[in-house]
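Morning, everyone. Please bring up the sequence and the 3D view, and keep both open while I talk.

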Amino acid sequence: ECVSFDAGLTSRENCHYLDEHAIGFIAALKGDQPTLHTEAVRLLGQGDAAPPDGWERVQEEVRGSRHVLLHFARTREMVGWHDWRCIRQVWRIRTVRQRGACTEEEDRYFVTNLPWGRLKPSQCLAAVRAHWGIENDSNWTMDTVWKEDKRAWCRQGLALETLSLLRCIAYNIIRLFRCRRLRSFNNRTLPYRRLLKRIEWALISGHHSTGFG
């Protein structure tokens, strides 16, 4: 029903294509679209400035020693703005993270073609969290750990598609291994780095058991 993508793919052509095919989208908005981003900031504010109509939802979370506050606001005043006829809402999410004396603050903006009443504020935050989860998990693993973008490109036949598929399969397998509740009881405390070493040994040696099933 709905897809999300990062700011690098947020273009009028992409958004209109999805909208014309009745596919919902939640698109991150940054400086890649400077005029659109500027208008979103004007309508919803930034930094310590609250939105004109106030925050629609403030959500508090505690993750270990880190305290997180999520502020959510949206507007539909940008409908049809400069021929962006597919935009029906603009979201602003302000995140304040505090750990001890250290505080981090960040504003993020999203545009979407979802109807105004389709998602509650809590569901909007959940959708954005799912978007960040993909970015911080699989994309980070592929780009930073496996250095996918620094590898040589393949141009012959279906090599590019095949390698991408193999990387996705490998990632999904390792993602399952990372989940502690899927391991045997005796191996749930095994550190992730040691687990990766066992997987590496199994791949290099040809043994099919990692010893923690």
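**A buried arginine, a sheet and two cores**

Start with one contact. A polar atom of the R92 side chain lies 2.9 Å from the backbone oxygen of A49. Before going on, a caution: this is a predicted model.

Where is R92 found? In strand 5, which covers residues 89-99. Is R92 buried or exposed? R92 is buried, because its relative accessible area is 0% and buried means under 20%.

Now the sheet. How many strands form it? There are 6, in an open sheet. Read the order as 1-2-6-5-4-3. The pairing is mixed. Which strands are at the edges? Strand 1, residues 2-5, and strand 3. Each of these pairs on one side only. From one strand to the next, the twist averages 20°.

Helix 2 packs on this sheet. Helix 2 touches strand 2, strand 4, strand 5 and strand 6. Its direction makes about 115° with that of strand 6.

Look at strand 3 and strand 4 next. Strand 3 is residues 57-63, and strand 4 is residues 66-75. They run antiparallel, and 7 bridges join them. Take two of the pairs. E61 has V68 as its bridge partner in strand 4. R63 has R66 as its bridge partner, also in strand 4. Between the strands of this hairpin there are 2 residues. In the hairpin, G64 takes a positive phi near 65°.

On to the inside. In soluble globular proteins, nonpolar side chains tend to be buried together. What do we have here? The largest nonpolar core has 20 residues. Which members touch the most other members? They are F25, L36, M78, I87, V90 and V111. Several elements supply at least two residues each: helix 1 (12-20), strand 2 (24-29), helix 2 (34-44) and strand 6 (102-112). Helix 2 gives the most, with 5 residues. Remember that helix 2 also packs on the sheet.

Pick out F25 in your view. What does F25 touch, leaving out residues up to four places away in sequence? At low numbers, its contacts include C2, V3, F5, C15 and L18. Further along the chain, they include C86, V111, T112 and N113. V111 is also on the list of core members with the most contacts to other members.

Apart from that core lies another one, of 15 residues. Among them are V68, L70, W91 and I93. You have met V68 already: V68 is the bridge partner of E61.

That's my tour. Over to you for questions.

Terms used. Residues are numbered from 1 along each chain as its sequence is written. This is a predicted model: local features need pLDDT of at least 70, side-chain atom pairs count only at pLDDT 80 or more; totals for chains, interfaces and linings use all residues. Side-chain values use heavy atoms; hydrogens and water are left out. A nonpolar core is a set of buried Ala, Val, Leu, Ile, Met, Phe, Trp, Tyr and Cys residues joined through side-chain atoms within 4.5 Å. Buried means under 20% relative accessible area, exposed over 50%, partly exposed in between (1.4 Å probe, protein chains only). Helices (H or I, at least four residues) and strands (E, at least two) are DSSP runs, numbered from the N terminus. Contact means heavy atoms within 4.5 Å. Two strands pair if DSSP finds at least two bridges between them. A polar contact is a pair of N or O atoms within 3.5 Å; within protein, one must be able to donate a hydrogen and the other to accept it, and residues adjacent in sequence count only if both atoms are side-chain atoms. Axes are lines fitted to C-alpha atoms, for helices over the stretch in contact, and angles run from 0 to 180 degrees between N-to-C directions.
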